[in-house]
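Please load the structure in a viewer and keep a selection panel at hand. The stops below proceed from the whole chain to individual side chains.

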Amino acid sequence: MYLAPLLLGPGIILAGLALATDFRGIATRTVDTYLNPAHADPGLLRTFHRLGFEHPGMDFLRYAPLQRKLLRIWGGLICALGIGFLATGVSLMIRA
């Protein structure tokens, strides 16, 4: 029972640290690809075009630096969550 938090904790910590420190540009690449509406589902973009207005997030380039900063902050929060998982796993292991 205590093995899952012990294994999940370090993985979540490493993922959070990679986002928080922008290791090898992962936060930048995530914002530029996954959060960019220009890379959205083509069907969704066609639907917006058919309805006669632009996708609500197409002013993406104006907000991209803010989104990168927010993603790095979320990376720190994910890292804290991983530390909580790891602490839970250790406390369960000590208790057992």
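From the N terminus on, the elements of this predicted model run α-α-α-α. The protein holds 4 helices and 0 strands, and a cartoon representation is a suitable start.

**Whole chain.** Select every C-alpha atom and orient the view along the principal axes. The atoms fill a box of roughly 60 × 25 × 15 Å. The radius of gyration is 19 Å, whereas a compact globule of 96 residues would have one near 12 Å. Next, display the accessible surface, which comes to about 6900 Å², with 70% of that area belonging to carbon and sulfur atoms. Colouring by relative accessibility will show that 22% of the 96 residues count as buried. If a contact map is available, restrict it to pairs with a separation of 6 or more: residues 24 or more positions apart account for 73% of those contacts.

**Helix H1.** Select residues 3–21, which form helix H1. From first C-alpha to last, its 19 residues reach 28 Å, close to the 27 Å expected at 1.5 Å a residue. Which residues of H1 are buried? They are Pro5, Leu6, Gly9, Ile12, Ile13, Gly16, Ala18 and Leu19. When viewing them along the helix, recall that an α-helix has 3.6 residues a turn, so residues three or four places apart point the same way. Then move to Asp22, just after H1, where phi is positive at about 55°.

**The salt bridge.** Select Arg68 and Asp32 and show their side chains, which meet in a salt bridge with an N to O distance of 3.0 Å. Arg68 belongs to helix H4 and Asp32 to helix H2 (residues 26–33), so the pair ties together parts that are 36 residues apart in sequence. In general, side chains of opposite charge can pair when their charged atoms come close. Are the two partners buried or exposed? Arg68 is partly exposed, with a relative accessible area of 24%, and Asp32 also counts as partly exposed, at 27% relative accessibility. The count for the protein comes to 1 salt bridge.

**The nonpolar patch.** Finally, select Tyr63, Leu66, Leu70, Ile73, Trp74 and Leu77 and show their surface; together they make a nonpolar patch of about 620 Å². Centre the view on Leu66, one of these residues, which lies in helix H4 (residues 60–95). Leu66 has 48% relative accessibility and therefore counts as partly exposed, because the exposed class begins over 50%.

Definitions and conventions: Residues are numbered from 1 along each chain as its sequence is written. This is a predicted model: local features need pLDDT of at least 70, side-chain atom pairs count only at pLDDT 80 or more; totals for chains, interfaces and linings use all residues. Side-chain values use heavy atoms; hydrogens and water are left out. Helices (H or I, at least four residues) and strands (E, at least two) are DSSP runs, numbered from the N terminus. The expected span of a helix is 1.5 Å times one less than its number of residues. Buried means under 20% relative accessible area, exposed over 50%, partly exposed in between (1.4 Å probe, protein chains only). Patches are made of residues with over 30% relative accessible area and no salt bridge: like charges are joined within 9 Å, nonpolar side chains (Val, Leu, Ile, Met, Phe, Trp, Tyr) within 5 Å. Accessible areas come from the Shrake-Rupley method with a 1.4 Å probe; for residues, only the protein chains shown count as cover. A salt bridge is a side-chain nitrogen of Lys or Arg within 4 Å of a carboxyl oxygen of Asp or Glu. The radius of gyration is taken over C-alpha atoms; the globule rule is 2.2 Å times the number of residues to the power 0.38. Contact means heavy atoms within 4.5 Å.
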